[in-house]
Amino acid sequence: MRIGHGFDVHAFGEGDHVMLGGLRIAHGRGVIAHSDGDVVLHALCDALLGAASLGDIGQHFPPSDERWRGADSRQLLRHCVGLLRQRGWRLGNADITILAERPKVSPHATLMRERIACDCAVDIDAVSVKATTTEKLGFTGREEGIAAHAVVLIVAIERT
Ligand code: MG
């Protein structure tokens, strides 16, 4: 069993939605990003890669690589899960915290958990998604951007 942590931030820019946890959520701003800018899935990818000592998301999906322009971050997540699987690891559980004043996350949390659990091939109970504001403090409090933390345990795949 090993632990990993991931953190990601994207600045708000023009747009009418944000991608969070694999969901498209209507919002008055978009995010500035090379991929779809899903901070939840990027933090989770980094946590998984970190737990397995496989580097970070920037190494695996460099912004210079045109393959990942506008990429669906669920694709990146499934790629990371596959890398871990090749090395004998699977997700044990994940706990994700989104930092944002808006959009409101709680109405969408269950669907995010379902999508993440599906991409990681685990039960929904193994995936927690929660959110907090930062009491109007800092860049998230000023609604300049959105951030997410992810902590994961990975466990060895049982060979039968
Ligand atoms: Mg990112």
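**Exercise 1. Classify D16 by its accessibility, and do the same for its salt-bridge partner.**

Step 1. In this predicted model, D16 has a relative accessible area of 48%. The class "partly exposed" covers values between 20% and 50%, so D16 is partly exposed.

Step 2. The partner of D16 is R24, and the closest N and O atoms of the two are 3.8 Å apart. A salt bridge requires a side-chain nitrogen of Lys or Arg within 4 Å of a carboxyl oxygen of Asp or Glu, and the pair R24 and D16 is counted as one.

Step 3. R24 has a relative accessibility of 57% and therefore counts as exposed.

**Exercise 2. Describe the salt bridge between R142 and E144, and the exposure of each residue.**

Step 1. The closest N and O atoms of R142 and E144 are 2.8 Å apart.

Step 2. R142, at 52% relative accessibility, counts as exposed. E144 has a relative accessible area of 40% and is partly exposed.

Step 3. By the salt-bridge rule, the count for the model comes to 9.

**Exercise 3. Which parts of the chain does the salt bridge of R78 and D119 tie together?**

Step 1. The side chains of R78 and D119 meet at 2.8 Å, N to O.

Step 2. R78 belongs to helix α3 and D119 to helix α4, so the pair ties together parts that are 41 residues apart in sequence.

Step 3. The two ends differ in exposure class: R78 is partly exposed at 42% relative accessibility, whereas D119 is buried at 7%.

Step 4. R74 joins R78 and D119 in a network of salt bridges.

**Exercise 4. Check the span of helix α3 against its number of residues, then state what its buried residues pack against.**

Step 1. Helix α3 covers residues 73-86, which is 14 residues. The expected span is 1.5 Å times one less than the number of residues, and for α3 this gives 20 Å.

Step 2. The end C-alpha atoms of α3 are 20 Å apart, in agreement with the expected span.

Step 3. Among the buried residues of α3 are R74, L76, L77, C80 and V81.

Step 4. The buried residues of α3 pack against the helices α1, α2 (57-60) and α4 (109-120), and against the strands β5 (89-99) and β7 (145-156).

**Exercise 5. Is helix α1 largely enclosed or largely open?**

Step 1. The 13 residues of α1 should span 18 Å, and its end C-alpha atoms are 18 Å apart, which agrees.

Step 2. Of these 13 residues, 12 are buried, so α1 is largely enclosed by the rest of the structure. The buried residues include V39, L41, H42, L44, D46 and L48.

**Exercise 6. Identify the donors of the magnesium ion and place D8 and H42 in the fold.**

Step 1. The coordinating atoms come from D8 (OD), H10 (NE2) and H42 (ND1), at 2.2 to 2.3 Å.

Step 2. Along the sequence, the donor residues follow the spacing D-x1-H-x31-H.

Step 3. D8 is in strand β1 (residues 2-13) and H42 is in helix α1 (residues 39-51), so this pair ties together parts that are 34 residues apart in sequence.

Step 4. D8 and H42 are both buried.

**Exercise 7. Which residues make the nonpolar surface patch of about 230 Å²?**

Step 1. The patch is made by F7, V9 and F139.

Step 2. F7 lies in strand β1.

Step 3. A patch residue needs over 30% relative accessible area. F7 has 38% and is partly exposed.

Note on methods:
Residues are numbered from 1 along each chain as its sequence is written. This is a predicted model: local features need pLDDT of at least 70, side-chain atom pairs count only at pLDDT 80 or more; totals for chains, interfaces and linings use all residues. Side-chain values use heavy atoms; hydrogens and water are left out. Donors are N, O and S atoms within 2.8 Å of the metal (3.2 Å for Na, K and Ca); water is not among the atoms, so sites may look incomplete. Helices (H or I, at least four residues) and strands (E, at least two) are DSSP runs, numbered from the N terminus. Buried means under 20% relative accessible area, exposed over 50%, partly exposed in between (1.4 Å probe, protein chains only). Patches are made of residues with over 30% relative accessible area and no salt bridge: like charges are joined within 9 Å, nonpolar side chains (Val, Leu, Ile, Met, Phe, Trp, Tyr) within 5 Å. Accessible areas come from the Shrake-Rupley method with a 1.4 Å probe; for residues, only the protein chains shown count as cover. Contact means heavy atoms within 4.5 Å.
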